[in-house]
Amino acid sequence: MTQAVPPLAPRIVVGVDGSSSSKRALVWGLFMARTTGSVLEAVTAWQNPSSWTGVGDDWDPVAEARAMLTACCAEVLGDDQPSDIRLTVLEGPATAALLSAGAGARMLILGSRGHGGFAGLLLGSVSAACAEHAACPTLIIHGDDLPPA
């Protein structure tokens, strides 16, 4: 007899890099997860440095990224942090990692740090690339507005 495999819970994926804009995105992610009955997944990415100068032999990039992600979620969500939150650490460029994590998600939420002004038009950003290429709806958080209470 074959048992049906329960579907994965819908996810709201939030890119977190420790910046104030990613922290605001995390607040919006919690709001959207609760509003839509989804699981909140906080995602961060790391890459090997282009130069190993100054990097100790005991450097553990995964542990460092996970510690930042855990601390960010605790700081921002505090007692509101859902018990089923997923903390995901991926290796690679941020854009590729977030697009991969967002595959099959209900929504991808990112902060907008940008360069602003003319430079912002020329250089592009992770949020712009994700908004253009994500396979799910993408919400880019601008400004300091918080979701409704």
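Q: Is D60 buried, partly exposed or exposed in this predicted model?
A: The relative accessible area of D60 is 42%. Buried means under 20%, and exposed means over 50%. The value for D60 falls in between, so D60 is partly exposed.

Q: Where in the chain does D60 lie?
A: Two elements flank this residue. One is strand β2 (39-46), and the other is helix α2 (61-77). D60 lies in the loop between β2 and α2.

Q: Which residues gather with D60 in a patch on the surface?
A: The patch is one of negative charge. D60 belongs to it. Its partners there are D57, D58 and E64.

Q: How many salt bridges does the structure hold?
A: R11 meets E41 in a salt bridge. E75 forms one with K23. R24 and D144 meet in another. The count for the structure is three.

Q: How many residues apart in sequence are the parts that R11 and E41 tie together?
A: The side chains of R11 and E41 meet at 2.6 Å, N to O. R11 lies in strand β1 (residues 11-15) and E41 in strand β2, so the salt bridge ties together parts of the chain. Those parts are 30 residues apart.

Q: Are R11 and E41 buried or exposed?
A: The cut-off for buried is under 20% relative accessible area. R11 has 12%, and E41 has 8%. Both values are under the cut-off, so R11 and E41 are buried.

Q: Which helices does the salt bridge of E75 and K23 tie together?
A: The closest N and O atoms of E75 and K23 are 3.1 Å apart. The two residues are 52 residues apart in sequence. E75 lies in one helix and K23 in another, so the pair ties together α2 and α1.

Q: How many residues apart are R24 and D144?
A: Their side chains meet in a salt bridge at 3.4 Å, N to O. R24 is in helix α1, and D144 is in the segment after β5 (138-141). The pair links distant parts of the chain, 120 residues apart.

Q: Are the rings of W28 and F31 stacked, tilted or edge-to-face?
A: The structure holds one aromatic pair. The ring centres of W28 and F31 are 5.9 Å apart, and the planes stand at 85°. Planes over 60 degrees apart count as edge-to-face. The pair is therefore edge-to-face.

Q: Which helix holds both W28 and F31?
A: The two residues are three residues apart, about one turn of the helix. W28 is buried at 17% relative accessibility, whereas F31 is partly exposed at 25%. Both lie in helix α1 (residues 20-36).

How values were computed:
Residues numbered from 1 in each chain as written. Predicted model: local features only at pLDDT ≥ 70, side-chain atom pairs only at ≥ 80, totals over all residues. Heavy atoms only, no water. Phe/Tyr/Trp six-rings, centres within 6.5 Å; stacked < 30°, edge-to-face > 60°. Helix = DSSP H or I, 4+ residues; strand = E, 2+ residues; numbered from the N terminus. Buried < 20%, exposed > 50% of the residue type's maximum accessible area, 1.4 Å probe, protein only. Patch = residues over 30% accessible without salt bridge, like charges linked within 9 Å, V, L, I, M, F, W, Y side chains within 5 Å. Areas by Shrake-Rupley, 256 points an atom, 1.4 Å probe, with all protein chains shown as cover. Salt bridge = Lys/Arg side-chain N within 4 Å of Asp/Glu carboxyl O. Lys, Arg positive; Asp, Glu negative; His and termini not counted. Charge placed at Lys NZ, Arg CZ, Asp CG, Glu CD.
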